[in-house]
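Thank you all for coming. I would like to walk through one structure with you this morning, and I will go slowly, since it is new to most of us.

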Amino acid sequence: MEIFLIKLLQFLLAISLLVLLHEGGHFFFAKLFGVRVEKFYMFFDAGIGKWDGSIFKFKPKNSDTQYGMGWLPLGGYCKIAGMIDESFDTEQMKQPEQPWEFRTKPAWQRLLIMIGGVLVNFLLALFIYSMVLYTWGDEYIATKDMSMGMKFNQEAKSYGFKDGDILLGTENGDFKDFSADLFRDISEAHEARIIRDGKPMTISLPGDINLLGMLKATPNFCRPLIPAEIDSVMPNSPAQKAGIVKGDKILAINGTTVDSWNEYTEQTGRLADQMSVAKTSADSLRLRTATVVFQHANTLPASGDSIAAALTPDTAVIVLNEELQLGVGMTSIRNYYETTKIDYGFFESFPAGIKYGWNVLGGYVGDLKYLFSADGAKSLGGFGAIGSLFPPIWDWHMFWLMTAFLSIILAFMNILPIPALDGGHVLFLIYEMITGRKPSENFMIRAEYIGFGILILLMVVANLNDILRWLGYM
């Protein structure tokens, strides 16, 4: 429950900040060009009965704007006078035009008002990335320094990769670290540069590997090889009862050799698949009863000693817990490799932050093509999926990285040419600027309804996916 609340608070803080500044972008340009802003709201104030839907509201003296917060956390809005928007205030549009209304302003001013929110979100993301680099620097483990190499699944091996290969890069450049960018680069590459058994090699690739399939595969297409050495043991856990201690190394489970945590989790994953169809408690107990071979840390040979004489593995029959876990902490990749740390001065951080943010945007936009596939539609996530991206502890470094990422997503999604989004209004304004003719108000109202319907449908699908994933159906 505590983890849920921490993630929820981070999500609410991030989304509130982004929505407030997005709507502030519209507000700024509206005020700059003398357009009246009637309402400025965090979240939507959909009325229920006699209640207008506001949690709180106030209107400063001599101000035309009412500020407040609605109860429906699906975004926010800035109600601009003389504009057809999500408020669907058609009565105002029937009145004579006023000089302080949106509809009476030149097209270029209306265009700036409409892109104000997107502009603020994009610039905010670049600023946050810059300040993150200035404050914490850029710290990572370079793939070229992962001397134990990677573990690969069967698909990766079919292209020529082998367990233990050290990934260097592709024809498009060197890999930086183990991240989504590495998978993206491999998916688009025609050759990959590696080191195998100490020798540089090149592997030919097709150039069109399905990225979504790589990311969703179990086991993963590739992942760093991490030895199955135990970092910690939980009190009263199955591992402690079997005599396993910190520093021990798992060698096999149920007769299958384990050379890494990657292999261990793959084996327990197979047990979980079998558990899902277990019909009786006896079936469950049988699957949970595992034969584990492990090597005690205190029997590891000293320098110059005979390995055969010193290494005497222990075998234990262990009943795993309900989650099919031993109750041990796994060693981290940081236990084995030095990190690369790059520090940035204040002025150096801005070009680095812009480059970082542009790379994030490029990767996100490039991956959208998978949205139009069956697997892509299933991968859509709603509020639950977004909230789960935040760390289970309050980490300001990760919080700001996630906030910047969400800001980029919010900017890009809002500029899409869908009616009811900023991009839909921009599309119609560009049409007006090219042709010199405004779309009719009836057309704009119908387009707004259609666009709003599309957004509601996408939101329902995304959040339904979250529910199905939570129930275990996806």
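Let me start with a single residue: does Phe 405 count as buried, exposed or partly exposed? At 24% relative accessibility, Phe 405 falls in the partly exposed class, because buried would require a value under 20%. Please keep in mind throughout that what you see is a predicted model. Phe 405 belongs to helix H14, which covers residues 396-415, and, leaving out residues up to four places away in sequence, Phe 405 touches Tyr 129, Val 360 and Tyr 364. Phe 405 also lies 8.5 Å from Leu 361, C-alpha to C-alpha, although the two are 44 residues apart in sequence.

Now for the overall picture. The protein has 474 residues, of which 42% are buried, and it contains 16 helices and 18 strands. If we take the contacts between residues at least 6 apart in sequence, 68% of them join residues at least 24 apart.

Let me turn to the strands. One open sheet is formed by four strands in the order S8-S7-S9-S10, with antiparallel pairing. Strand S8, at 173-174, and strand S10, at 199-204, stand at the edges, and each has a single partner strand, so one side of each is left without a neighbour in the sheet. Within this sheet, strand S7, residues 166-170, is joined to strand S9, residues 191-196, by four bridges, and Ile 166 stands opposite Ile 195 in S9.

Which elements do the buried residues of helix H5 pack against? They pack against S7, which we have just met, and also against helix H6 (211-216), strand S11 (222-224) and helix H11 (346-367). H5 itself spans residues 180-188, and its buried residues are Leu 182, Phe 183, Arg 184, Ile 186 and Ser 187.

Further along the chain there is another run of paired strands. S13 is joined by four bridges to strand S15, residues 289-295, and the two run antiparallel, with Ile 253 opposite Val 292 in S15. S15 is in turn joined to strand S16, residues 314-319, by six bridges, again in an antiparallel arrangement, and here Phe 294 stands opposite Asp 314 in S16.

The loops deserve some attention too, and I have picked out two asparagines. As background, most residues other than glycine have a negative phi. Asn 236, however, has a positive phi of about 60°, and Asn 254 has a positive phi of about 50°. Asn 236 is found in the loop between strand S12 (230-233) and helix H7 (238-241), where it is exposed, with a relative accessible area of 62%. Asn 254 is found in the loop between strand S13 (249-253) and S14, and Asn 254 counts as partly exposed, because its relative accessible area of 38% lies between the limits of 20% and 50%.

A third loop residue is Ser 260, which is found between strand S14 (256-257) and helix H8 (261-275). Is Ser 260 buried or exposed? Ser 260 is buried, with a relative accessible area of 0%. Its side chain makes a polar contact with the side chain of Asp 259, at 3.2 Å, and, once its neighbours within four places in sequence are set aside, Ser 260 is in contact with Lys 151, Leu 225, Ile 226, Pro 227 and Ala 228.

Finally, I would like to look at a pocket. The second largest pocket has a volume of about 300 Å³, and of the 17 residues that line it, the closest to its centre are Phe 102, Arg 110, Lys 438, Pro 439 and Met 444. Which helix gives the most to this lining? That is H15, with four residues. Helix H3 (107-136), helix H15 (422-435) and helix H16 (441-471) each supply at least two residues of the lining. Sorted by class, the lining has nine nonpolar residues, six charged residues and two polar residues.

To return to where we began, Phe 405 in helix H14 would be a good residue to find on the screen, and from there you can trace its contacts to Tyr 129, Val 360 and Tyr 364. I am happy to take questions.

Terms used. Residues numbered from 1 in each chain as written. Predicted model: local features only at pLDDT ≥ 70, side-chain atom pairs only at ≥ 80, totals over all residues. Heavy atoms only, no water. 1 Å grid on protein atoms, 1.4 Å probe; cavity = no way out; pocket = protein on both sides within 12 Å on 5 of 7 lines; lining within 4 Å. Points joined across faces, edges and corners; volume = space filled by probe spheres on them. Nonpolar A, V, L, I, M, F, W, Y, C, P; charged D, E, K, R; others polar. Buried < 20%, exposed > 50% of the residue type's maximum accessible area, 1.4 Å probe, protein only. Polar contact = N/O pair within 3.5 Å; in protein donor to acceptor, adjacent residues only side chain to side chain. Contact = heavy atoms within 4.5 Å. Pairing = 2+ DSSP bridges.
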